[in-house]
Amino acid sequence: MAENAEGDLNSNLLHAPYHTGDPQLDTAIGQWLRWDKNPKTKEQIENLLRNGMNKELRDRLCCRMTFGTAGLRSAMGAGFCYINDLTVIQSTQGMYKYLERCFSNFKQRGFVVGYDTRGQVTSSCSSQRLAKLTAAVLLAKDVPVYLFSRYVPTPFVPYAVQELKAVAGVMITASHNRKEDNGYKVYWENGAQITSPHDKEILKCIEECVEPWNGSWNDNLVDTSPLKRDPLQDICRRYMEDLKKICFYRELNSKTTLKFVHTSFHGVGHDYVQLAFQVFGFKPPIPVPEQKDPDPDFSTVKCPNPEEGESVLELSLRLAEKENARIVLATDPDADRLAVAELQENGDWKVFTGNELAALFGWWMFDCWKKNKSRDADVKNIYMLATTVSSKILKAIALKEGFHFEETLPGFKWIGSRIKDLLENGKEVLFAFEESIGFLCGTSVLDKDGVSAAVVVAEMASYLETMNITLKQQLIKVYEKYGYHISKTSYFLCYDPTTIKSIFERLRNFDSPKEYPKFCGTFAILHIRDVTTGYDSSQPNKKSVLPVSKNSQMITFSFQNGCVATLRTSGTEPKIKYYAEMCASPDQSDTALLEEELKKLIEALIENFLEPRKNGLTWRSV
């Protein structure tokens, strides 16, 4: 009897108007409890309400996610600023509204939906379920949906958008983020991630239709609607066929004595990397058994990011030693990025940085183009791209070899869009990268792709093995020919936005108003580019060639000694990042001297420009 009375009391509490003293919060609570049909996330909000947790309710319900460098990304759980059934339905309704406005043939061309293997039991939230709800919203509006019947690598979605001529696509993934997170990554009809103004316009449309439409929760449509198609077999076949365009030594691959270990980091990569190796003529790579199958808890690694190096590659390195395999390939959980390690003569492992791998890829892709080009192929028609915070090694190779090199803003979405423009103008793009181990060989996909990158590294290593050259030895040869490029990246944590702003404003008004610094300690500055304001001292009109990006802070300093350093804020975390690189000419081969010079410059940069003690910054090394 008493138990029922308590139940009635709770029921009344939850269905009465809410009087938290905050009208905005009261409205948001009412909306959530009316709209959310997922019992687990609804219960999370009900429990917070029952326990009077108004601050947490406000944090969860009174703000909304925004598009960062990788779409919408947040923790899974209840609330309008988290990833869950309701926010994914709202996001898809906004997408529908915007796409209907942009494309008169939306209902003929359709929409692609893919997903990884993430999930959270406490919220009944998984990438697969969120993908089904995404599809359901669109199917209820008579839009044909290409929904993959099982998990796929992220690059399969942009690839499918282009191949199937869909208007757009969504991949449900949080890539290499911690296990609590998930995300909603949007691709436009060109197969590249969305950039401005699409992101802002989609957010406006989401705001305009937050209440779920009739049919939006009907995920049965995925099983019953004739408008749902499964593109898995077709897209996998076409993707593997297209991979052949960047395979140059199939016969040699089939005979190689090299052995490879592959870890898919508990994610989607295993089956697809195995297939790619088959296409290139290799024997299958040896999988890490504990990490081969999907596991949303990523139970064998402290964080599912292969960029963290040896500490997270422990299992694959030990397996490689046991199997006598010299090379380890690690794809991140959604298989769009790649880490590579190589066993050295002295028994140590060399884990390559993203910038070092890019030097090898740049050399390799150009070398293969040169050896296979037609008679009338013009080197001036060839392009390579990198984000502006990545190594300038491709620029050095381009200057010496006669092809074009271009930079974009940070984030592969800018690279993808630029490649599309170049292709439409008859140019050929061989390779593009970002320093955070994101690589693109060829242009079949317009986003970073760990599957193709893994098999290209395997081919490169097999080719070099025939000449008794290791990847590390080849990297040194590249640097000796084009100039050493030694880089360091790290960051400071700062939780106060006003402090961050004042650090950058001080640099814009250094010795006097509207004057940037001329020196950093004893190091003379040659040029300054400020992407936040659109200023670039190296350009005749003093205007930055890169698009202005007012929402984030980013200033690049080019020094007289050949060093380039960038300070920027993170789009997703409370960080000030720095990227510094010493770009030496080929005749400067004393690496110890170059490393010492870079170290001193970074110390000066931190001390003079970031002033960590004065600004209360917390240092973190990457």
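**Exercise 1. Is Glu342 buried or exposed?**

Before starting, note that this is a predicted model, where local features need pLDDT of at least 70, side-chain atom pairs count only at pLDDT 80 or more, and totals for chains, interfaces and linings use all residues. Residues are numbered from 1 along each chain as its sequence is written, and side-chain values use heavy atoms, with hydrogens and water left out.

*Step 1.* Get the scale straight: buried means under 20% relative accessible area, exposed means over 50%, and partly exposed is in between (1.4 Å probe, protein chains only).

*Step 2.* Glu342 has a relative accessible area of 0%, so this residue is buried.

*Step 3.* Now find its place: Glu342 sits in strand E12, residues 338-343. Strands (E, at least two residues) and helices (H or I, at least four) are DSSP runs, numbered from the N terminus.

*Step 4.* Who is around it? Contact means heavy atoms within 4.5 Å. Skipping neighbours within four places in sequence, the contacts of Glu342 include Arg326, Asp348, Trp349, Phe352 and Leu471.

**Exercise 2. Place E12 in its sheet and find what packs there.**

*Step 1.* Two strands pair if DSSP finds at least two bridges between them. The open sheet here has 5 strands in the order E10-E9-E11-E12-E13, with mixed pairing.

*Step 2.* Check the edges: E10 (286-287) and E13 (349-351) each have a single partner strand, so one side of each has no neighbour in the sheet.

*Step 3.* Zoom in on E12 and E13, which run antiparallel and are joined by 3 bridges. Across from Glu342, in E13, stands Lys350.

*Step 4.* Add the helices. Angles run from 0 to 180 degrees between N-to-C directions, along lines fitted to C-alpha atoms (for helices, over the stretch in contact). Helix H13 (residues 269-279) packs on the sheet by touching E9 (260-263), E10 and E11 (327-331), and its direction makes about 150° with that of E9. Helix H14 (residues 310-323) touches E9, E10, E11, E12 and E13, and makes about 135° with the direction of E13.

**Exercise 3. How many residues of strand E6 are buried?**

*Step 1.* Count along residues 168-172: 5 of the 5 are buried, so to speak a mostly covered strand.

*Step 2.* Look at each face. Ala168, Val170 and Ile172 are buried on one side, and Gly169 and Met171 are buried on the other.

*Step 3.* Look at the partners. E2 (residues 111-115) runs parallel to E6, with 5 bridges, and Tyr115 stands opposite Ile172. E7 (residues 181-188) pairs with E6 in the antiparallel sense over 5 bridges, with Trp188 as the bridge partner of Ala168.

**Exercise 4. Work out the sheet that holds E14.**

*Step 1.* This open sheet has 4 strands in the order E15-E14-E16-E17, and its pairing is mixed.

*Step 2.* E15 (404-408) and E17 (438-441) are the edge strands, each with a single partner, so one side of each lacks a neighbour in the sheet. On average, neighbouring strands are turned by 15° against each other, direction ignored.

*Step 3.* E14 (residues 382-387) runs parallel to E15, joined by 5 bridges. Thr387 has Thr408 in E15 as its bridge partner.

*Step 4.* Helix H15 (residues 354-372) packs on the sheet, touching E14, E16 (428-434) and E17, at about 170° to the direction of E16.

**Exercise 5. How many disulfides does the whole structure have?**

*Step 1.* A disulfide is a pair of cysteine sulfur atoms within 2.5 Å. The search finds 0.

*Step 2.* Try Cys125: the nearest cysteine sulfur, in Cys81, is 14 Å away. Cys125 is also buried, at 3% relative accessible area.

*Step 3.* Try Cys247: the nearest cysteine sulfur belongs to Cys368, 9.4 Å away. Cys247 is buried too, with a relative accessible area of 15%.

**Exercise 6. Describe Phe523 and its surroundings.**

*Step 1.* Phe523 belongs to strand E20, residues 523-530. Its relative accessible area is 12%, so Phe523 is buried.

*Step 2.* Leaving out neighbours within four places in sequence, its contacts include Lys518, Phe559, Asn561 and Leu601.

*Step 3.* Pick a residue 200 places off along the chain: the C-alpha atoms of Phe523 and Glu323 are separated by 49 Å.
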